[in-house]
Amino acid sequence: MKDSTVSARVENNVKIEAEDILQKLGVPVSVVINSLYRQIIYHHGIPFSLTIPSEPRTLDAMSEAELDAKLQHSYAQSLAEQGRPMNDVFDELEESSQSPEITASK
């Protein structure tokens with residue numbers, strides 16, 4: 001029997017985006033929260049790892065050989081048309097710099 005209420009404050013844009021996805025999936029928010037709580041019980045902890053993303057290496061931290069290898073790899077990718085549109089990359093960078101992120105992986 002469901003007889004408890006959970007209340008949490010979240011960023012409005014996160015709430016809207018998540019609820020939009022859940023609505024498209026046909027899954028009520030309460031089902032997701034209940035599932036998360038059950039997984040916490042099952043795992044005796046958070047059911048995914050919480051990590052801080054590593055900082056990218058700066059140019060001054062790389063040797064000339066490392067930088068040359070990265071540039072050659074990037075150039076080969078561009079010739080093979082394996083890159084991503086520049087606007088997509090910058091949009092992603094802008095989004096990630098506006099809200100600190102905790103990555104979740106299992």
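**Close-up views of a predicted model**

**View A. R84 and its salt-bridge partner E92****.** R84 is partly exposed, having a relative accessible area of 48%; that class lies between buried (under 20% relative accessible area) and exposed (over 50%), as judged with a 1.4 Å probe and protein chains only. The model is predicted, so local features need pLDDT of at least 70 and side-chain atom pairs count only at pLDDT 80 or more, whereas totals for chains, interfaces and linings use all residues. Residues are numbered from 1 along each chain as its sequence is written, and side-chain values use heavy atoms, with hydrogens and water left out. The partner of R84 in a salt bridge is E92, and their closest N and O atoms are 3.0 Å apart; a salt bridge here is a side-chain nitrogen of Lys or Arg within 4 Å of a carboxyl oxygen of Asp or Glu. E92 is partly exposed as well, at 47% relative accessibility. Side chains of opposite charge can pair when their charged atoms come close.

**View B. Salt bridges along helix α1****.** The whole structure holds three salt bridges, including one between the side chains of K15 and E19, with 3.1 Å from N to O. K15 and E19 are separated by about one helical turn, because they stand four residues apart in helix α1 (residues 12–25); helices are DSSP runs of H or I with at least four residues, strands are runs of E with at least two, and both are numbered from the N terminus. Both side chains belong to partly exposed residues, K15 with a relative accessible area of 38% and E19 with 32%. A salt bridge also joins D20 to K24, where the closest N and O atoms are 3.3 Å apart, and this pair too is four residues apart in helix α1, which means a separation of about one helical turn. Here the two partners fall into separate classes, since D20 is partly exposed at 33%, while K24 counts as exposed at 66% relative accessibility.

**View C. A negative surface patch with helix α4 as its main contributor****.** E17, D88, D91, E94 and E95 form this patch. Patches consist of residues with over 30% relative accessible area and no salt bridge, with like charges joined within 9 Å and nonpolar side chains (Val, Leu, Ile, Met, Phe, Trp, Tyr) joined within 5 Å. Helix α4 (residues 86–98) gives the most to the negative patch, namely four residues. D91 lies in helix α4 and is partly exposed, with a relative accessible area of 45%. Over the protein there are 9 positive and 17 negative side chains, and the centres of the two sets lie 13 Å apart; Lys and Arg count as positive and Asp and Glu as negative, without His or the chain ends, and each charge is placed at NZ of Lys, CZ of Arg, CG of Asp or CD of Glu.

**View D. A nonpolar surface patch that includes residues of helix α2****.** V6, V29, I33, L36, Y37, I40, I46, F48 and L50 make up this patch, which has about 730 Å² of accessible area together; areas come from the Shrake-Rupley method with a 1.4 Å probe, and for residues only the protein chains shown count as cover. Helix α2 (residues 29–43) gives the most, with five residues, whereas L50 has its place in strand β1. Strand β1 (residues 49–51) also holds S49, which is partly exposed at 31% relative accessibility. S49 lies 38 residues from E11 in sequence and 22 Å from E11 in space, C-alpha to C-alpha.

**View E. Positive phi values at H44** **and E81****.** H44 is a residue other than glycine with a positive phi, near 55 degrees; H44 sits in the loop between α2 and β1 and is exposed, with a relative accessible area of 76%. E81, likewise not a glycine, has a positive phi near 55 degrees. E81 lies in the loop between α3 (64–79) and α4 and counts as exposed at 73% relative accessibility.

**View F. The whole chain, for orientation.** The protein has four helices and two strands, which run α-α-β-α-α-β from the N terminus on. Its C-alpha trace spans about 65 × 30 × 25 Å along the principal axes. The radius of gyration is 20 Å, where a compact globule of 106 residues would have a value near 13 Å; the radius is taken over C-alpha atoms, and the globule rule is 2.2 Å times the number of residues to the power 0.38. Buried residues make up 3% of the 106 residues, and of the exposed surface of about 10100 Å², carbon and sulfur atoms supply 57%.
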